[in-house]
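This report goes through one protein chain, from its overall dimensions to a few single residues. The sequence and the structure come next.

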Amino acid sequence: MKSISLLLLITLLFSCSGKLVSYKKECYEGLYSHKHHQSVFVKYSIKKADISGRTKRSNNFKVDPQIDSTVSFNSYKKSGYDRGHLKPAGTSKASKADMKASFLFTNISPQVPEFNRKGWKFIETKTRSILNNYDSIMVYSGPIFNKFRNDKLPNSEITIPKRFFKAIYINDSIAFGFVCPNKQLEKNIFQYLVSIDEIEKLINQDLFEGLDKAVESEIDTTYLINKVFH
């Protein structure tokens, strides 16, 4: 019997509640929470064409009626929070379809402006820089919610995440991630480096199925800073 994929299994487990929905777009796939009105994660690959393509950023945010028609531009208007990308527009340059998909609200979470425009943006830039040394990488990105109580955007049911994560797989021997509070970050973004195992415990998801446990649980910060991001 063929094994059921993790994404499908999660969907089946929660299908009775109607709160989690798996989906696949032009350049990413993910799991959407109708409880929080945003994706709990998006999964995407980054190749050199994704960051070197000539497609320009559109800034054209769109409702995704196939997933959640209740979230729109007005949901974020005057909320004090940015419409933060989970899969960045900067890694969606390979085609117009990719860029368009990156601006669906399926790919958006509420982010503090000082977080989105500074520290998180810098982490996204550093993530793209990995392609200077490797042909492609796989990334999971998403929000982390408080287990007991979460604030909502004003006049909305959209949950404001407490933290965000980005999990990065390069190969079977190099995988790591970032976990950052949803606020202005410290200048040294490498202090937010964590293992894949730590992220999985925070979000209760197995992100890279089959990855060696030693690689999941250990990271060499010095090597990452000097070699991977060099």
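## Terms and model

Helices (H or I, at least four residues) and strands (E, at least two) are DSSP runs, and their numbers count from the N terminus. The structure discussed here is a predicted model.

## Overall build

In these terms the chain contains eight helices and nine strands. A compact globule of 230 residues would be expected to have a radius of gyration near 17 Å, and the chain agrees with this because its own value is 17 Å. Along the principal axes, the C-alpha atoms occupy a box of roughly 45 × 45 × 35 Å.

Of the 230 residues, 51% count as buried. Take the contacts between residues at least 6 apart in sequence: 64% of these join residues at least 24 apart.

## Surface and charge

The exposed area of the chain is about 12200 Å², with 49% of it supplied by carbon and sulfur atoms. There are 35 positive and 23 negative side chains. The centres of these two sets are 9 Å apart.

## A buried aspartate

Asp98 is part of helix H4, which covers residues 96-102. This residue is buried but has no salt bridge. What is the nearest side chain of opposite charge, and how far away is it? It is Lys87, at 5.9 Å; a salt bridge would need a side-chain nitrogen of Lys or Arg within 4 Å of a carboxyl oxygen of Asp or Glu.

Residues up to four places away in sequence aside, Asp98 touches Glu26, Cys27, Asp50 and Ser92.

## Two residues with positive phi

His37 sits in the loop between strand S2 (29-33) and strand S3 (38-47). Its phi is near 55°, a positive value in a residue other than glycine. His37 counts as buried because its relative accessibility is 14%, and the cut-off for buried is under 20%.

Asn204 also has a phi near 55°, again positive in a residue other than glycine. Asn204 belongs to the loop between H6 and H7. Is Asn204 buried or exposed? With a relative accessible area of 64%, Asn204 is exposed, since exposed means over 50%.

## Leu211 in the H6-H7 loop

Leu211 is found in the loop that runs between helix H6 (196-203) and helix H7 (213-217). Leu211 is buried, at 8% relative accessible area.

Which residues does Leu211 contact, leaving aside neighbours within four places in sequence? They are Tyr169, Asp172, Ala175 and Glu216. The C-alpha atoms of Leu211 and Asn171 are separated by 9.3 Å, although their positions lie 40 residues apart along the chain as counted by sequence separation.

Definitions and conventions. Residues numbered from 1 in each chain as written. Predicted model: local features only at pLDDT ≥ 70, side-chain atom pairs only at ≥ 80, totals over all residues. Heavy atoms only, no water. Buried < 20%, exposed > 50% of the residue type's maximum accessible area, 1.4 Å probe, protein only. Lys, Arg positive; Asp, Glu negative; His and termini not counted. Contact = heavy atoms within 4.5 Å. Rg over C-alpha atoms; globule rule 2.2 N^0.38 Å. Areas by Shrake-Rupley, 256 points an atom, 1.4 Å probe, with all protein chains shown as cover. Charge placed at Lys NZ, Arg CZ, Asp CG, Glu CD.
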